[in-house]
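Biologist: Hi, I'm new to this one. Could you walk me through it?

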Amino acid sequence: MAIDGQHLLATDAAHAFVQVFGKTTGAFVSRFGGKGDDDANLEKPEGISVAPNGDIFVADYTTGDVKVYTKDYKWKQTFSEYGSEPGQNIKSEFTSIRNGKYYMPEAGNHRVSVWDLEGKFLFTFGKSGTAEGEFNNPESAKFASDGKLYIADLKNDRIQVYDDAGKFLFGWGKSGSGEGEFKAPAGIAIDAQDNIYVTEIGNDRIQVFDKTGKFLTMWGSEGKGDGQFDNLHGMFCDKSTGWLYIADTGNNRIQVYKPGN
């Protein structure tokens, strides 16, 4: 998910659309993409990021395409493709934009690839493995205000932190259900205070940490009720309000939370 002005943009992978909602009301506004063979169509959109000029970057998990749309949802350009060579990608996930660069975690290639906002490939970092600086299905890559990049290393059950050049800084987490432990961490959101929110597919919950990885709180359980989840994935924090938008994928809905007192 991403915020575009007063709108929440959510990738609907199963239907191949990006859906647009009022960010405070949840009211449906529009949608774009959809299956087909035209430039504007999508196959399985996953990652979505909005550039400072309003351009919308959508990463397609199946085709390897990154499609760029204008702020009025018109197709503008396509770059990248499916593969393992530099500038290609396999199983693109939840992306970020910072300082004129587009960062894409690739679950299929176990790395993060980086382009400029014109679609020129710049560099990659990471490889398959369990050591520091290695990944097993990196799922999301999100920036804190100080430029540190937090990456959910899904199958290694941990969070890793890098600088914007791809240098490993530190990490935390191990497999489990206790505080600071993970089962398939997927989505990351970061609030205005640089607190780190992490969704867990395996534990059906959200954990919250400070920017150093210190555990703060957690909530959620398996189910269909309010505050319950099934197959948690992406997440986004609107820094202007603190509202947290959570993709409750297995329940086919988005849950919204606001800061507590």
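**Strands, pockets and cores**

Modeller: Sure. One pairing to begin with: Q19 has R31 in strand 4 as its bridge partner. Keep in mind that this is a predicted model.

Biologist: How many bridges join strand 3 to strand 4, and which way do they run?

Modeller: There are 5 bridges between strand 3 and strand 4 (residues 28-33), and the two run antiparallel. Their hairpin leaves 5 residues between the strands, with G26 there at a positive phi near 75°.

Biologist: And what about strand 2 and strand 3?

Modeller: Those two are antiparallel as well, joined by 6 bridges, with strand 3 covering residues 17-22. Two of the partnerships are H7 with G22 and T11 with V18. In this hairpin 4 residues sit between the strands, and A16 has a positive phi near 70°.

Biologist: Where does strand 1 pair?

Modeller: Strand 1 (residues 2-4) pairs with strand 2 (residues 7-12) in the antiparallel sense, over 3 bridges. D4 is bridged to H7 in strand 2. The hairpin has 2 residues between its strands, and G5 in the turn shows a positive phi of about 65°.

Biologist: Back to strand 3. How many of its residues are buried?

Modeller: 6 of its 6 residues are buried. In a regular strand, side chains alternate between the two faces of the sheet. For strand 3, one side has F17, Q19 and F21, the other has V18, V20 and G22, and both faces are covered.

Biologist: Changing topic: what's the volume of the largest pocket?

Modeller: About 730 Å³. Its lining has 32 residues, and T11, D12, A13, A247 and T249 lie nearest the centre.

Biologist: Which element gives the largest share of that lining?

Modeller: Strand 5, with 4 residues. Other strands supply at least two residues each, including strand 2, strand 3 and strand 24 (244-248). By class, the lining of the largest pocket splits into 15 nonpolar, 10 polar and 7 charged residues.

Biologist: How much space is in the second largest pocket?

Modeller: About 530 Å³. That second pocket is lined by 21 residues, and the closest to its centre are S96, I97, K142, F236 and K239. Among the elements giving two or more residues to this lining are strand 1, strand 9 and strand 17 (185-190). The second largest pocket's lining has 14 nonpolar, 3 polar and 4 charged residues.

Biologist: What about nonpolar cores? Which residues make up the largest one?

Modeller: The largest nonpolar core has 12 residues: A144, Y150, A152, I159, V161, W172, F182, I188, I190, I196, V198 and F209. Strand 14 (149-153), strand 15 (158-162), strand 17 and strand 18 (196-200) each give two or more residues to this core.

Biologist: Take I159. What does I159 touch?

Modeller: Leaving out residues up to four places away in sequence, I159 touches Y150, I151, A152, G171, W172, F182, P185, I188 and V198. Apart from the core that holds I159 lies another of 11 residues, among them A2, V18, L42 and V58.

Biologist: Last one, K91. Where is K91 placed?

Modeller: K91 is in the loop between strand 8 (75-79) and strand 9 (96-98). Beyond four places away in sequence, K91 touches Y61, P105, E106, A107 and G108.

Biologist: And why does K91 count as partly exposed?

Modeller: Because its relative accessible area is 35%, and partly exposed covers what falls between the under 20% of buried and the over 50% of exposed.

Terms used
Residues numbered from 1 in each chain as written. Predicted model: local features only at pLDDT ≥ 70, side-chain atom pairs only at ≥ 80, totals over all residues. Heavy atoms only, no water. Pairing = 2+ DSSP bridges. Buried < 20%, exposed > 50% of the residue type's maximum accessible area, 1.4 Å probe, protein only. Contact = heavy atoms within 4.5 Å. 1 Å grid on protein atoms, 1.4 Å probe; cavity = no way out; pocket = protein on both sides within 12 Å on 5 of 7 lines; lining within 4 Å. Points joined across faces, edges and corners; volume = space filled by probe spheres on them. Nonpolar A, V, L, I, M, F, W, Y, C, P; charged D, E, K, R; others polar. Core = buried A, V, L, I, M, F, W, Y, C linked by side-chain atoms within 4.5 Å.
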